[in-house]
Amino acid sequence: MTTYLDAIDAPQRNTGQIKLYSKADFDGMRAASQLTARCLDEVAKMVQPGLSTMEIDEFVYQFGKDNGAVPATLNYRGYPFSSCISLNHVVCHGFPSAKALRDGDILNVDITFIVDGWHGDSSRMYIAGQPKRAAERLVGLTYDCLMAGIAAVKPGNRIGAIGAAIQELAERERCSVVRDFCGHGLGRLFHDAPNILHYGRPNEGAEMRPGMIFTIEPMINLGKHHVKILRDGWTAVTRDRSLSAQYEHSVGVTEDGCEIFTTSPAGHTKPPYLTS
Ligand code: MF3
Ligand code: CO
Ligand code: CO
């Protein structure tokens with residue numbers, strides 16, 4: 001049995017209950033999320049062949065510092081960077097590296113800034129130079145999967161409706177949905193109940209209620225859905241080394257649908273947008 005409780009009465013940890021947030025809490029989430037989105041907009045101007053993903057990570061750290069925000073990933077369960085940067089067949093949690101980007105590389109940059117205790121968690125895909133046709137198709141599809149999931153967010157629907165919409169679209173396009181990672185509740189915590197699966201059936205999971213806050217962050221593979229974790233303990237890659245893409249928004253459930261907290265102030269919504 002799922003239980004819901006006012007966030008104000010909830011302990012600041014994951015008890016498995018679903019926290020319901022107030023209008024003022026939504027304001028806090030919007031502020032943190034918009035800083036994250038602005039930073040992702042800036043990253044779009046940097047990405048090009050020759051740049052290293054470490055340079056992006058250093059930019060993210062400095063951008064946070066300049067704006068009074070802390071990157072939530074830094075030292076989170078031992079994770080050592082300010083962002084996750086996942087290149088080509090890396091599914092998620094990739095380490096920034098000193099290696100230069102090459103023409104046609106696709107990369108996900110995932111940033112979470114903490115502002116006044118609120119977590120704004122979002123990621124987007126970028127393409128260095130000229131994309132290959134298959135890569136561009138995967139990136140566009142993954143964005144559409146995120147937005148199909150978001151379109152299923154409204155009070156009365158179950159959380160399963162989100163994953164069902166994503167899976168249907170991905171598989172219709174002969175791609176696969178990663179099973180091993182999911183979206184998550186967030187707010188004053190980085191990762192909280194409920195889990196948001198990116199596959200499944202519409203009648204599964206807890207019912208959505210106004211005040212819920214969570215991420216949707218589908219990872220879609222050109223090949224099979226299986227992943228493995230590299231020896232660094234973090235980097236997840238596709239087992240078949242096929243390309244993988246991901247988009248992530250933080251959203252809040254409203255009376256009649258949802259608010260996307262992490263929308264791009266620069267209007268970088270549907271890819272491909274200019275990356276340099
Ligand atoms: N930002 C990721 C997410 O979307 C989480 C990264 S956790 C880290 O939930 F430790 F890998 F940074
Ligand atoms: Co997330
Ligand atoms: Co994220």
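The following exercises, each with a worked solution, concern a predicted model of a protein with its bound ligands.

**Exercise 1. The site of the cobalt ion (ligand 3)**

Identify the protein donors of the cobalt ion (ligand 3) and state how they are spaced in sequence.

*Solution.*

Step 1. List the donor atoms. Asp110 is listed with two OD entries, Asp121 with OD and Glu248 with OE, at 2.0 to 2.4 Å from the cobalt ion (ligand 3).

Step 2. Place the donor residues along the chain. Their spacing follows the pattern D-x10-D-x126-E.

Step 3. Relate this spacing to the secondary structure. Asp121 belongs to strand E7 (residues 118-127), while Glu248 sits in the loop between strand E15 (244-246) and strand E16 (249-253); the pair therefore ties together parts that are 127 residues apart in sequence.

Step 4. Classify the geometry. The arrangement is irregular because the six donor atoms around the cobalt ion (ligand 3) subtend angles of 58 to 163°.

**Exercise 2. The site of the cobalt ion (ligand 2)**

Describe the donors of the cobalt ion (ligand 2), and determine which residue bridges this ion and the cobalt ion (ligand 3).

*Solution.*

Step 1. List the donors. The protein provides Asp121 (OD), His184 (NE2), Glu217 (OE) and Glu248 (OE), lying 2.0 to 2.2 Å from the cobalt ion (ligand 2).

Step 2. Examine the angles. Among the six donor atoms they range from 53 to 159°, and the site is irregular.

Step 3. Read the spacing along the chain, which is D-x62-H-x32-E-x30-E. His184 lies in strand E9 (residues 183-185) and Glu248 in the loop between E15 and E16, so this pair ties together parts that are 64 residues apart in sequence.

Step 4. Find the bridging residue. Asp121 bridges the cobalt ion (ligand 2) and the cobalt ion (ligand 3), and the two ions lie 3.3 Å apart.

**Exercise 3. Exposure of the donors**

Decide whether Asp121, Glu248 and His184 are buried or exposed.

*Solution.*

Step 1. Recall the cut-off: a residue is buried if its relative accessible area is under 20%.

Step 2. Apply the cut-off to Asp121. Its relative accessibility is 2%, so Asp121 counts as buried.

Step 3. Apply the cut-off to Glu248. With a relative accessible area of 0%, Glu248 is buried.

Step 4. Complete the answer with His184, which is likewise buried.

**Exercise 4. The surroundings of ligand 1**

Name the residues that come nearest to ligand 1 and describe its polar contacts.

*Solution.*

Step 1. Consider the neighbours. There are 14 residues around ligand 1, of which Thr73, His184, His191, Glu217 and Glu248 come nearest.

Step 2. Examine the contacts to oxygen atoms of ligand 1. A polar side-chain atom of His191 is found at 2.8 Å from such an oxygen. For Glu217 the corresponding distance is 2.8 Å, and for Asp110 it is 3.2 Å.

Step 3. Assess the cover. Ligand 1 taken alone exposes 340 Å², and the protein buries 96% of that area.

**Exercise 5. Strand E7 and its partner**

Describe how E7 pairs with strand E6 and how its faces are covered.

*Solution.*

Step 1. Establish the pairing. Strand E6 (residues 106-115) runs antiparallel to E7, and 10 bridges join them. In this pairing Asn108 stands opposite Met125 in E7.

Step 2. Inspect the connection. E6 and E7 form a hairpin with two residues between them, and Asp116 in the turn has a positive phi of about 50°.

Step 3. Examine the faces. On one side Trp118, Gly120, Ser122, Arg124 and Tyr126 are buried, and on the other His119, Asp121, Ser123, Met125 and Ile127 are buried; both faces are thus covered.

**Exercise 6. Strand E11 and a three-strand sheet**

Characterise the position of Thr215 in strand E11, and then describe the open sheet that contains E8, E12 and E15.

*Solution.*

Step 1. Locate Thr215. It lies in strand E11 (residues 213-216) and is buried, because its relative accessible area is 0%.

Step 2. Find its partner. E11 and E16 pair in the antiparallel sense over four bridges, and Thr215 stands opposite Ser250 in E16.

Step 3. Inspect both faces of E11. Ile213 and Thr215 on one side, and Phe214 and Ile216 on the other, are all buried.

Step 4. Turn to the open sheet. Its three strands have the order E8-E12-E15, with antiparallel pairing. The edge strands, E8 (176-177) and E15, each pair on one side only.

Step 5. Examine one pairing in detail. Two bridges join E8 to strand E12 (residues 219-221), and Asn221 in E12 is the bridge partner of Ser176.

Notes
Residues are numbered from 1 along each chain as its sequence is written. Chains are lettered from A and ligands numbered from 1 in the order in which they are written. This is a predicted model: local features need pLDDT of at least 70, side-chain atom pairs count only at pLDDT 80 or more; totals for chains, interfaces and linings use all residues. Side-chain values use heavy atoms; hydrogens and water are left out. Donors are N, O and S atoms within 2.8 Å of the metal (3.2 Å for Na, K and Ca); water is not among the atoms, so sites may look incomplete. Four donors count as tetrahedral if all angles lie between 85 and 135 degrees; four count as square planar and six as octahedral if opposite donors are over 155 degrees apart and all others between 65 and 115; anything else is irregular. Buried means under 20% relative accessible area, exposed over 50%, partly exposed in between (1.4 Å probe, protein chains only). A residue is near a molecule or strand if one of its heavy atoms lies within 4 Å of it. A polar contact is a pair of N or O atoms within 3.5 Å; within protein, one must be able to donate a hydrogen and the other to accept it, and residues adjacent in sequence count only if both atoms are side-chain atoms. Accessible areas come from the Shrake-Rupley method with a 1.4 Å probe; for residues, only the protein chains shown count as cover. Two strands pair if DSSP finds at least two bridges between them.
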